[in-house]
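These are my notebook entries on a structure I looked through. I record what I looked up, entry by entry.

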Amino acid sequence: MTHQPDIQHYAVSVVGKDRPGIVAGITEVLFRLGCNIADSSCTMLAGEFAMILIVSHPRPFGKGRLFEELKPVCEGLGMSLAVRTLHADETERQEAGGEICMVSVYGADQPGIVYRVTRELAGLGINITDLNTKLIGTEAEPVYVMMLEAALPDGQTPEGLEALLGDLKKELNVEIGVRVITPVSL
Amino acid sequence: MPVRTILSYPHPLLKQVCQAVETIEGDIHALVADLLDTMLAGPGSVGVAAPQIGVALRVCVVDVSASRHGKGNNHGLLCMINPVIMQSSGAAVMREGCMSVPDYTGDVERSQEITVRFLEPAGNEREISATGFEAVAIQHEMDHLDGVLFLDRITCLKTGLFRRKNYR
């Protein structure tokens, strides 16, 4: 997104028990208000449906109006609602110079897998761009799976990152793999 | 020969099935030269198809030899007129981007090995077997000749978050 001074952006998040009609219910309000959905990601998590949207509207328009219009629909659907006004520097598309990697982590479920791995990445200045976790396996042998996509700073390599995560892999006794998924231009 | 502007979707030519070339004459040689110049001018570009520069003919160029994915496994520069895939097998997923669909990338599954038959600008018929990235690039460019974009083939909802300055 390029910065347009006469356009205001909002972050909208909606979470509630999954059922048909949630997306239509929320987007009907946005459509009626003349809002654009600039970016969005919506998915099922356990039995919940979670919507995260970046919504834009030409000024003058306010967060209060957006919230008040969405509130009755969310209440009707039993969903939580949050709206936040974005600053101009939050709406810029970011550019990645380095490699994009998929980091896969899985092993016996234990506290702290997400924290310990992501703390290492943060310490290396690696930006996580997408992250999914899932508890699978059986009750007797629960397995934790985390898949994340990350942008490496220029100069860092996937092999280097995998090596740096080697000690943690041993300590937690989990599998950690790093693969390049940088897009190819055709 | 000039570097031509790459058309972006929603230009209608990008969703059109292109005509086969009937005779390889001067205009086709000029078209191939423009495709090559345009490919060389695109940062990291490994192929361009005629509809991407505004010509609805079944012509495309591919060269993955300078790309890290194609190094060591390629046929060098390929100028393909009326290409046809004779055989294909295997499957591989790559995250693709396209100069005609800026700022978007997605995971696409394609055949891992293909045999493709085409005419070269000199008029001779040639058949090659390509694998890996070269096979992906040929399939991507040939899709353009049928009005198919990688968006039509995305199998995974994960999308790229970043605009890239340079592809690797």
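Entry on E25(B). I looked up the accessibility of E25(B) and noted a relative accessible area of 49%, so I list E25(B) as partly exposed. The model I am reading is a predicted one. I placed E25(B) in the segment that precedes helix 1 of chain B. I then checked a pair distant in sequence: E25(B) and P121(B) are separated by 96 residues along the chain, yet their C-alpha atoms are 8.9 Å apart.

Entry on T38(B). I moved on to helix 1 of chain B, residues 26-41, where T38(B) has its place. Is T38(B) buried or exposed? I noted a relative accessibility of 3%, and therefore I enter T38(B) as buried. I also looked for a partner of its side chain: a polar atom there lies 2.6 Å from the backbone oxygen of D34(B). Setting aside neighbours within four places in sequence, I listed the contacts of T38(B) as P2(B), V3(B), R4(B), I6(B), V48(B) and I53(B).

Entry on cysteines. I searched all chains for disulfides and found zero. For C42(A), which is in no disulfide, I noted that the nearest cysteine sulfur belongs to C74(A) and is 12 Å away. C42(A) has a relative accessibility of 32%, so I class this residue as partly exposed. In chain B I asked why C98(B) forms no bond with C60(B). The sulfur of C60(B) is the closest cysteine sulfur to that of C98(B), but the two are 12 Å apart, which is too far for a bond. A disulfide would need the sulfur atoms within 2.5 Å. I recorded C98(B) as buried, because its relative accessibility is 5%.

Entry on chain A as a whole. I counted five helices and ten strands in the secondary structure of chain A. Its C-alpha trace spans about 55 × 45 × 30 Å along the principal axes. Of the 186 residues in chain A, 39% are buried. I also looked at sequence separation: among contacts in chain A between residues at least 6 apart in sequence, 70% join residues at least 24 apart.

Entry on the contact of chain A with chain B. How many residues does each chain bring to the contact? I noted 22 residues from chain A and 29 residues from chain B. Together the two chains bury about 2300 Å², and 51% of that area is on carbon and sulfur atoms. I looked up which residues lead on the chain A side: R93(A), V184(A) and L186(A) supply 34% of the area that chain A buries against chain B, more than any other three residues.

Entry on polar pairs between the chains. I recorded two salt bridges between chain A and chain B. One of them joins the side chains of E149(A) and R95(B), at 3.0 Å from N to O. I also entered six residue pairs in polar contact between chain A and chain B, both residues of each pair being at pLDDT 80 or more.

Entry on the side of chain A that touches chain B. I noted that strand 5 (95-96), strand 7 (127-137), strand 8 (142-151) and strand 10 (184-185) of chain A each supply at least two residues to this side. Strand 7 of chain A gives the most, with four residues. By class, I listed eight nonpolar, eight polar and six charged residues on the side of chain A that touches chain B.

Conventions:
Residues are numbered from 1 along each chain as its sequence is written. Chains are lettered from A and ligands numbered from 1 in the order in which they are written. Side-chain values use heavy atoms; hydrogens and water are left out. Buried means under 20% relative accessible area, exposed over 50%, partly exposed in between (1.4 Å probe, protein chains only). Contact means heavy atoms within 4.5 Å. Buried area is the accessible area (1.4 Å probe) that two parts lose on being put together, summed over both. A salt bridge is a side-chain nitrogen of Lys or Arg within 4 Å of a carboxyl oxygen of Asp or Glu. A polar contact is a pair of N or O atoms within 3.5 Å; within protein, one must be able to donate a hydrogen and the other to accept it, and residues adjacent in sequence count only if both atoms are side-chain atoms. Ala, Val, Leu, Ile, Met, Phe, Trp, Tyr, Cys and Pro count as nonpolar, Asp, Glu, Lys and Arg as charged, and the others, Gly among them, as polar.
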